[in-house]
Amino acid sequence: MVTGRTLPQDGRVLRGRIHSLESFGTVDGPGIRFVSFMQGCPLRCRFCHNPDTWDCSAPGQYLMTPEELLAETLRYRSFIRRGGVTVSGGEPLLQAEFVRRYFALCQENGLHTALDTSGGVFSPEALAVLDHTDLVLLDIKTVDDAFHKAWTGVTRENNRRFLDHLQAIGKPVWIRQVMVPGYTSGQAYLERLADYLKPYSVVERIELLPYHTMGIYKYRELGIPYPLEGIDAMTASEASAARDYLRTLVDVEVG
C-alpha cells in the first residue's frame with residue numbers, strides 16, 4: 001500500500017533531492033535492485049567518480065516525496081521482487097529523514113532495503129534509518145587512520161563508529177573497498193583490511209571494487225582538477241588476483 005504524504009515536524013512537505021535513478025541495478029546489493037542516488041556528500045574522496053553528487057544545495061534531477069519515490073519504485077516491482085531497493089549517493093544519510101520514511105514504505109510493501117553509505121554521518125537521525133534497513137553496504141575508504149583525511153577530506157572516526165554500531169545491533173553488512181593502485185591495493189593493504197574486519201561478525205561479504213577513470217570527464221565539465229591524474233585504472237586480472245588473495249585471509253564471501 002502507499003500511505004498518505006509525510007510531513008516533517010516543521011510542517012514542510014518532506015522531499016528528497018535525488019541525483020539519479022537506476023531501475024535495473026545489479027551491483028548495489030543482492031539481486032536486481034531499484035537504486036536511488038541521493039544528492040549531496042560531505043566527503044571529497046580523491047578517487048570519487050561522481051563529483052556531480054557533491055553539492056548538497058543542488059536540487060538534483062528529481063525532487064520527490066517518499067511516497068512519490070515509492071510509486072516510481074513499484075513500477076518495477078516485477079523486476080526487483082527478488083532483489084529490492086538500494087539508496088546510495090552521494091551520501092544518503094545527509095537526507096536521513098527522507099531515506100528512513102522511504103525505507104519504511106518499501107518494507108511495508110515487502111521490498112528488501114539496502115543502504116549504501118560511507119558512515120560519514122553519525123547522528124540520531126542517521127542511526128534511525130537503520131530501523132528500516134535490511135542490509136548496509138558500508139564503504140571503507142582506507143583503513144589507514146593517518147591517511148584517511150587526506151584521502152577523503154574527513155577523519156575515519158565516524159566510519160569506525162558506524163561499523164561498531166552495526167556490530168552492536170547485529171545489522172548485516174557488506175563492506176565495499178575501492179582498490180586504487182599504489183594506495184588501497186596490494187597484499188600488504190589487503191592484510192590490514194582483513195585484520196581490521198575480522199572482529200566484526202556482522203560482515204557477510206567484502207566487495208573489492210577496482211579503481212577506474214570513467215568519471216574524469218565530469219571533473220573536466222565541472223572545472224575541477226582530477227586528484228589522481230596519471231593513475232591507471234586497475235585491470236580485471238589485477239582485481240581478480242586481489243580477490244583471490246583476500247579469500248585466503250578471511251572467512252566471508254569476497255566479491
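Which residues does Thr53 touch, not counting residues up to four places away in sequence? Let's start there and then visit a few other corners of this predicted model.

**View 1. Thr53 and its surroundings in the loop between E2 and E3.** Setting aside residues up to four places away in sequence, Thr53 touches His19, Met38, Gln39, Gly40, Cys41, Gly89 and Gly90. Thr53 is buried, at a relative accessible area of 3%. Its side chain has a polar partner in the backbone oxygen of Asn50, reached at 2.8 Å. A polar atom of the Thr53 side chain also lies 3.3 Å from the backbone nitrogen of Gly90. If you would like a longer ruler, the C-alpha atoms of Thr53 and Pro227 are separated by 16 Å, with these positions 174 residues apart along the chain.

**View 2. Gln95, in the loop between strand E4 (84–88) and helix H3 (96–108).** Here is another buried polar residue: Gln95 has a relative accessible area of 7%. Leaving aside neighbours within four places in sequence, its contacts are Arg15, Gly16, Arg17, Met38 and Gln39. One of these deserves a closer look: the Gln95 side chain reaches the backbone nitrogen of Arg17 at 2.7 Å. Met38 sits 57 residues away along the chain, and its C-alpha atom is 8.0 Å from that of Gln95. Met38 and Gln39 may look familiar from the previous view, as Thr53 touches them too.

**View 3. Lys218 and Asp52 joined by a salt bridge.** The closest N and O atoms of this pair are 3.6 Å apart. Lys218 belongs to helix H8 (residues 216–222) and Asp52 to the loop between strand E2 (33–38) and strand E3 (62–64), so the bridge ties together parts that are 166 residues apart in sequence. How buried or exposed are the two partners? Lys218 is buried, with a relative accessible area of 15%, whereas Asp52 is partly exposed at 26%.

**View 4. Asp116 and Arg176 in a salt bridge.** The two side chains meet at 3.0 Å, N to O. This pair links distant parts of the chain, with Asp116 in strand E5 (residues 113–117) and Arg176 in strand E7, 60 residues apart. Asp116 and Arg176 are both buried. They also have company: salt bridges that share partners join Asp28, Asp116, Arg176, Arg205, Glu207 and Glu253 into one network.

**View 5. Asp195 and Lys198, a salt bridge between exposed residues.** The closest N and O atoms of Asp195 and Lys198 are 3.9 Å apart. Both residues are exposed. For context, the structure holds 14 salt bridges.

**View 6. Helix H9 (residues 236–247) and its buried face.** The buried residues in H9 are Ala239, Ala242, Arg243 and Leu246. Looking down the helix axis, the buried residues fall within an arc of 100°, so they line one face of H9. The spacing fits a general pattern: an α-helix has 3.6 residues a turn, so residues three or four places apart point the same way. What do the buried residues of H9 pack against? Their partners are strand E7 (173–179), helix H7 (187–197), strand E8 (203–210) and strand E9 (253–254). The length of H9 can be checked as well: at 1.5 Å a residue, its twelve residues should span 16 Å, and the end C-alpha atoms are 17 Å apart, which agrees.

Key
Residues numbered from 1 in each chain as written. Predicted model: local features only at pLDDT ≥ 70, side-chain atom pairs only at ≥ 80, totals over all residues. Heavy atoms only, no water. Helix = DSSP H or I, 4+ residues; strand = E, 2+ residues; numbered from the N terminus. Buried < 20%, exposed > 50% of the residue type's maximum accessible area, 1.4 Å probe, protein only. Contact = heavy atoms within 4.5 Å. Polar contact = N/O pair within 3.5 Å; in protein donor to acceptor, adjacent residues only side chain to side chain. Expected span 1.5 Å × (residues − 1). Arc of directions from axis to C-beta. Salt bridge = Lys/Arg side-chain N within 4 Å of Asp/Glu carboxyl O.
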